Amino acid sequence: TLERKVKKILETKEESHGGKPFPNEVLSDEDYNRLTSFLGCFDEPTWPELWEMESSARLQPTAFQEMLMESITRNPRIQIEGVAGSGKSLLVLWETRRLIAEGKRVAVLCFNDLLAEQLQKNFKKDGLDDSQVVAASFHKLACKYVRNAKIEGVPRHEPEDPAAKTEYYKAVVASFPAAIKALREKKKKQFFDAIVIDEGQDFEN
């Protein structure tokens, strides 16, 4: 948070002060508000705020991003890594639009439910519906497929108890391949032509 950042700055040791932090007095609420106003921020941004910041920062792709998008068109599978704010989520948006323009139905998957909701809202703002693109967390989409396939041994609904919920999602992930196979055999039209994954590193934690 901003409070921790300010505290860290104030506690920084300075050579010009004998290797000790400068003496500081406790800030009043008024002075604290003035400081945060001067710094122009109050706390860590939320997912919607991060998306809005990134989208507003750059509406057109850079030369490097254009090169990446060209590489994507020539490779059926590609992984892109970058630091926070480097435009990865914008690439997700641009690539999804390109795939839809080719007549493909796209699944945009992530680990975080809140991010998935924000992605879906942005696609709807662009006039795209569920027949063209579905943004969802992997686990929520897997739950839908397992329910529709009526896999035995997996509860139809997510339990309320935290411990039971953990076991439920483990069962869903384990049953996901069987659900895909069952739905394919039934020729259910629930599948996608392309999959785009945002914040893929979250799946490793």
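Modeller: Two strands are taken to pair if DSSP finds at least two bridges between them; strands (E, at least two residues) and helices (H or I, at least four) are DSSP runs, numbered from the N terminus. This is a predicted model, in which local features need pLDDT of at least 70, side-chain atom pairs count only at pLDDT 80 or more, and totals for chains, interfaces and linings use all residues. Residues are numbered from 1 along each chain as its sequence is written, and side-chain values use heavy atoms, with hydrogens and water left out.

Biologist: What order do the three strands of the open sheet have?

Modeller: The pairing in this sheet is parallel. β2 (133–137) and β3 (194–197) each have a single partner strand, so they stand at the edges. The order is therefore β2-β1-β3.

Biologist: Which residue is the bridge partner of valine 108 in β3?

Modeller: Strand β1 (residues 106–110) runs parallel to β3, and four bridges join them. In β3, valine 108 is partnered by valine 196.

Biologist: What angle does the direction of helix α6 make with that of β2?

Modeller: Helix α6 (residues 113–125) packs on the sheet and touches β1 and β2, contact meaning heavy atoms within 4.5 Å. Axes are lines fitted to C-alpha atoms, for helices over the stretch in contact, and angles run from 0 to 180 degrees between N-to-C directions. The angle with β2 is about 165°.

Biologist: Is phenylalanine 111 buried or exposed, and what is its relative accessible area?

Modeller: Phenylalanine 111 lies in the loop between β1 and α6. Buried means under 20% relative accessible area, exposed over 50%, and partly exposed in between (1.4 Å probe, protein chains only). Phenylalanine 111 is partly exposed, because its relative accessible area is 37%.
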